[in-house]
Amino acid sequence: MTEAPSVVVIGGGIAGLAAAFELHTRAIPFVLLEASDRLGGLIFSEQVDGFTIDAGADSLLVQKRAGIEFCEALGLGSRLMPSTPPRTAFVHARGRLHKLPSPSILGIPTTEAGIAAYDLLPETARATLLARTREPRNPRTTEPGSPGTPEPPEDESVADFFRREFGPETVGLIAEPLLGGIHAGDVERLSIASVAPRLAAHGRVRGRAMRDLLDSTQPQTQSDGLFRSLPRGMGEIVEAVEQRIPSSSIRRRSAVRSIARADDDWRVGSTSGDVTARAVVIAAPAHAAAEMLSPIDRDIAALCAAVPYVSTASVALAWPRADVHHPLDGSGFVVARQHSDLRITACTWASSKWPNRTPPGMSLLRAFLGGATDPDAASLSDGEILGIAVRDVSRVLGIQSSPALARVHRWIRAGAQHNVGHRARVEDLERRLERAPGLFVAGSGFRSIGVPDCIADGRAAARRALDYAKIAP
């Protein structure tokens, strides 16, 4: 007879899988409910005709240790591999590719020589950055609250931060293609504190970010790159979790219809039946959490519903390497859309980034469309999406033939936007959840940005659920 669960985990994306794994390693009975027929959420890898294709996330950031440690706990540590050098990235603007300087932080050069040679920026913008690096250090004006030094706002947009600290021309040429592109968001709305907290920390004193970046930059010690992936794609992580946790604890095609109190427990109603448990971890998108929580607490549901989401599409394209008239000497490019007539937002050169992703003599590229600045792109037909991707990629890389392989993947309302005010909203949500003891939330709609954060958040939510289940009366 199957043991009654102590915890219900709602959502089989990486946050939910991490929560389930944490519970399993602590020998806590649980049930994981996933609405679709597939686990992994935004992690999905395909093996097609000798190609390894990551349809969603394709790597883990080494600096965020939670992802690496999770792989090690799953027995995947020895399979983690660095990206292939060179790791140069480019920005497409004014009809050509501009190389990002090295060293740099999110496209901002961290040496005076790098600034001077940065041809992405016009001379006036470079002069502004150089002037910022040469501001005299005055102890009376280097601390927040110093007389005559107005403090930056508690939370501000990426665009406002870049305008103030690096000059207005950096918004469209650096912030929008890099931070806007990475997060599929609008830099006029994205919160700098949420999406780039380390960079935001350098701007805690108004007008000092550029000087602080130069002063704080350390020599590059990560000779094997800042990212890791797996030979068969990021889907290996999902497969490893599935192999480690009991199959009887996983219910696919189990959309949650209701959550309600049942004495001191919670009853979760789903399309596969009801489950009662002491605690519930909701690792679903915030808009889905809002629907589940509305009957319990309208204020909590409203906070969840206020998290905006965007839709995107990724297109995997393969050509014979000889047909691509570009050295592909880097990781790919992002698009400065205000300075480019391309519709795609980015193109990663997968076969240049990772070894053994293609049959011999082939190249594999991934193009991206949609997001906050092009909300209708993901609603186009496969043929229209493919046509845009092939046109734009071919134009930049000098390709004249049709692709040998093409795969379109859509991510509808899957990209949570951490806009200005997001942190305050999540803090309010956490306070209000105290009125519903035993309910916990995790994932990208709340505290997490990127796969490692979702892993850390899912595991932490599982521990909080366990603590509650043990000590609650």
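Student: Where in this predicted model is S59 found, and between which strands?
Tutor: The model is predicted, and its local features are reported only where pLDDT is at least 70. Within it, S59 is found in a loop whose flanking elements are strands, namely β4 (51-54) on one side and β5 (60-61) on the other. The place asked for is therefore the loop between β4 and β5.

Student: Is S59 buried or exposed, and which side chain does the side chain of S59 make a polar contact with?
Tutor: The relative accessible area of S59 is 15%, and because buried means under 20%, S59 counts as buried. Leaving aside neighbours within four places in sequence, S59 is in contact with F227, R228, M234 and W354. The polar contact made by the S59 side chain, at 3.2 Å, is with the side chain of D58.

Student: How many aromatic pairs does a search of the whole structure find, and what is the geometry of the pair formed by F21 and F70?
Tutor: A search of the whole structure finds seven aromatic pairs. In the pair formed by F21 and F70, the ring centres are 5.4 Å apart and the planes stand at 85° to each other. Because an angle over 60 degrees counts as edge-to-face, the geometry of this pair is edge-to-face.

Student: Which parts does the pair of F21 and F70 tie together, and are these two residues buried or exposed?
Tutor: F21 has a relative accessibility of 1% and counts as buried, while F70, with a relative accessible area of 0%, is buried as well. F21 lies in helix α1 (residues 14-25) and F70 in helix α2 (residues 65-73), so the pair ties together parts that are 49 residues apart in sequence. The parts asked for are helices α1 and α2, and the state of F21 is buried, as that of F70 is buried.

Student: What geometry does the pair of F161 and F166 have, and which residues form one aromatic cluster with F90?
Tutor: F161 and F166 are both buried, and their rings form a pair with 5.9 Å from centre to centre and 75° between the planes, which is edge-to-face. The aromatic cluster that holds F90 is completed by F333 and W349.

Student: Which residues touch the most other members of the largest nonpolar core?
Tutor: The largest nonpolar core has 43 residues, and β1 (7-10), α1, β2 (30-33), α2, α10 (235-244), β16 (279-282) and α16 (451-471) each supply at least two of them. Leaving aside neighbours within four places in sequence, I237 is in contact with I14, L60, F70, C71, L74, L76 and L230. The residues that touch the most other members of this core are F70 and I237.

Student: In what order do the strands of the open sheet stand, and which strands are at the edges?
Tutor: Three strands form this open sheet with antiparallel pairing, in the order β13-β14-β15. Neighbouring strands are turned against each other by 20° on average, direction ignored, and β13 pairs with β14 (residues 265-270) over six bridges. Each edge strand has a single partner, so one side of it is left without a neighbour in the sheet, and the strands in that position are β13 (256-262) and β15 (273-277).

Student: What is phi of D263, and is D263 buried or exposed?
Tutor: D263 is found in the loop between β13 and β14, and A262 has D265 of β14 as bridge partner. At a relative accessibility of 74%, D263 counts as exposed because the cut-off for that class is over 50%. Phi of D263 is a positive value in a residue other than glycine, near 60°.

Student: Which peptide bond leading to P86 is cis, and what is the omega of the cis bond from S102 to P103?
Tutor: P86 has its place in the loop between β6 (81-82) and β7 (89-93), and the cis bond that leads to P86 comes from P85, with omega near -5°. P103 is found in the loop between β8 (96-99) and β9 (104-105), and the omega of the cis bond from S102 to P103 is near 5°.

How values were computed
Residues are numbered from 1 along each chain as its sequence is written. This is a predicted model: local features need pLDDT of at least 70, side-chain atom pairs count only at pLDDT 80 or more; totals for chains, interfaces and linings use all residues. Side-chain values use heavy atoms; hydrogens and water are left out. Helices (H or I, at least four residues) and strands (E, at least two) are DSSP runs, numbered from the N terminus. Buried means under 20% relative accessible area, exposed over 50%, partly exposed in between (1.4 Å probe, protein chains only). A polar contact is a pair of N or O atoms within 3.5 Å; within protein, one must be able to donate a hydrogen and the other to accept it, and residues adjacent in sequence count only if both atoms are side-chain atoms. Contact means heavy atoms within 4.5 Å. Rings of Phe, Tyr and Trp (its six-membered ring) pair if their centres lie within 6.5 Å; planes under 30 degrees apart count as stacked, over 60 as edge-to-face and the rest as tilted. A nonpolar core is a set of buried Ala, Val, Leu, Ile, Met, Phe, Trp, Tyr and Cys residues joined through side-chain atoms within 4.5 Å. Two strands pair if DSSP finds at least two bridges between them. Axes are lines fitted to C-alpha atoms, for helices over the stretch in contact, and angles run from 0 to 180 degrees between N-to-C directions.
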